[in-house]
Every structure is written in C-alpha cells, then in structure tokens.
Amino acid sequence: MKLFAVVAFVAFASVLAEESYDFKCMTATALTTACTATTGTTLQDAKDLAFCNGPNGEDNNMYTDYGCGKCAQDKDGDVAGCLSCAMGAVEDPNTGCNPYKSPTFSFQCYLEGNATDCTPAVAIACFGPAKAYNGAVAALANGGCGTCATALKTSTDTEASATWDDADCLDCTTALCNTSSAKVLVPFLAPLIAALFFL
C-alpha cells in the first residue's frame, strides 16, 4: 500500500512538472514564433512565466531583436534597448505582446541655413529649393525637415500652390543634405560677406 502511494505521488508530481502554456511572440514585422512556458506547479504559474521581448520603441535604438522570453541580461540588467512584456495578461495567446515598431532615428536638416533638429523618423528626409528656383515662397526657399510634398502640403504661404512646382524643390535622404542650393546657403553666408565688405 505504501509503495502504491509513493508511485501515485511520483506520477502526480510528474504531471505537475509538465504543466505548460503555449503562446506566440512576434519575430519580425508580421511573423510569429511558437513559444512555451513550463512550470512544475499550475497552468497559471506557467502563464506568469510567459514573456516576449523586443525593442523598447525609443528613438535611436540599435536593438532590433524580437522573440520568446524575457530580455537577455548583462551586468546592468536587461540589455540596452530591450523591453520584456508579459503574455499571461494577453487574452489571445496567438497575439504577441511585442508588436513590431519601426525604428526611428534623430537627424538634422538645414532650415534658413541653420542646422535644425528634426522630429525623429524612420527615414531621413530633408528638402530645399532647386538651384534654378527664383521664386519667393519662404517655405521652399528656407528648406527644412521632411519632403517637398509634405512641405508644400503644410505650407501656410497662400502663394505656394501657384508658384511652387515639383521641379522647384529637391528631396534628399541624408542628414544635413539640403545644402547644395544657393538659396539655403544665403543666410549662412550673409554675415561673412558683410564682414569682408568692411575689411
């Protein structure tokens, strides 16, 4: 009888040891991977151990991995840029709690000849007037952050739609790239020209 009780206990403990919770985490923009959290107690305990990880969504984050479990650790705790999320609180275990976040980066563009901080974005975008542009639309002549299309769309200059053609504006995609136009450089060069005049 005692032997039977011992065997039954061992069998019961083995069942508990195999308690697990299956769920999915994101691994890329639209992909998921099967994950499992296992515990030696209850299903709820297994759910409490279910985590996904991914980038924390901050600007200029170089961490790009997504996957099952908590963030990897270093001497300071979670590796830089990583964020863990609990799947036990998510209603649908097939919906990862670590949705893809497009990385955003800080950059600058020239605005009226001055290096200006732009809103962090997925891709760098600056604009400025083409060298041949002779119009007087300030929104174009000053250059700035973003694309020509966006600048034209958001311009408050009432003459913009009438005097701003596609050929008048140039887009570029690297930081501080909108310097080739003489229009953009004039404010920057004006103090130097004035100083030379009085020498």
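Does Cys-169 count as buried or exposed? Cys-169 counts as buried, because its relative accessibility is 7%. Here buried means under 20% relative accessible area, exposed means over 50%, and partly exposed lies in between (1.4 Å probe, protein chains only).

This is a predicted model: local features need pLDDT of at least 70, side-chain atom pairs count only at pLDDT 80 or more, and totals for chains, interfaces and linings use all residues. Residues are numbered from 1 along each chain as its sequence is written, and side-chain values use heavy atoms, with hydrogens and water left out.

**View 1. The surroundings of Cys-169 in strand 12.**
Cys-169 lies in strand 12. Strands (E, at least two residues) and helices (H or I, at least four) are DSSP runs, numbered from the N terminus. Leaving aside residues up to four places away in sequence, Cys-169 touches Phe-127, Gly-128, Pro-129, Ala-130, Leu-140, Cys-148 and Trp-164. Contact means heavy atoms within 4.5 Å. Look at Phe-127 on this list. Phe-127 and Cys-169 are 42 residues apart along the chain, yet their C-alpha atoms are separated by 6.9 Å. Pro-129 is another contact of Cys-169. Cys-169 is also the bridge partner of Pro-129.

**View 2. The open sheet with strand order 11-10-12.**
Three strands make up this sheet, and the pairing is antiparallel. Strand 11 (144-145) and strand 12 (169-172) stand at the edges. Each has a single partner strand, so one side of each is left without a neighbour in the sheet. Strand 10 (residues 126-129) pairs with strand 12 in the antiparallel sense, over four bridges. Two strands pair if DSSP finds at least two bridges between them. Strands of a sheet pair through backbone hydrogen bonds, either parallel or antiparallel.

**View 3. The hairpin of strand 1 and strand 2.**
How many residues lie between strand 1 and strand 2 in the hairpin? There are five residues between them. Strand 1 covers residues 19-26, and strand 2 covers residues 32-39. The two pair in the antiparallel sense over eight bridges. To follow one position across the hairpin, start at Phe-23. It stands opposite Cys-35 in strand 2.

**View 4. The disulfide of Cys-25 and Cys-52.**
The structure holds eight disulfides. A disulfide is a pair of cysteine sulfur atoms within 2.5 Å. One of them joins Cys-25 to Cys-52, with an S to S distance of 1.9 Å. The link is left-handed, with -80° about the S-S bond. It joins distant parts of the chain: Cys-25 sits in strand 1 and Cys-52 in strand 3 (residues 51-55), 27 residues apart. Cys-25 counts as buried, at 0% relative accessibility. Cys-52 is buried too, also at 0%.

**View 5. The open sheet with strand order 4-3-7.**
This sheet has three strands with antiparallel pairing. Which strands stand at its edges? They are strand 4 (67-68) and strand 7 (82-86). Each has a single partner strand, so one side of each lacks a neighbour in the sheet. Strand 3 pairs with strand 7 in the antiparallel sense over five bridges. Cys-52 appears again here: its bridge partner in strand 7 is Cys-85.

**View 6. The disulfide of Cys-118 and Cys-145.**
The two sulfur atoms are 2.0 Å apart. The torsion about the S-S bond is about -80°, so this disulfide is left-handed. Cys-118 lies in the loop between strand 9 (114-117) and strand 10, and Cys-145 in strand 11, so the pair ties together parts that are 27 residues apart in sequence. Cys-118 counts as buried, at 9% relative accessibility. Cys-145 counts as partly exposed, at 34%.

**View 7. The disulfide of Cys-172 and Cys-177.**
The S to S distance is 2.0 Å. The torsion about the S-S bond is about 85°, so this disulfide is right-handed. Cys-172 is buried, with a relative accessible area of 18%. Cys-177 also counts as buried, at 18%.

**View 8. The salt bridge of Lys-75 and Asp-76.**
Side chains of opposite charge can pair when their charged atoms come close. A salt bridge is a side-chain nitrogen of Lys or Arg within 4 Å of a carboxyl oxygen of Asp or Glu. By this rule the count is one. The side chains of Lys-75 and Asp-76 meet at 3.4 Å, N to O. Lys-75 is exposed, with a relative accessible area of 78%. Asp-76 is exposed as well, at 63%.
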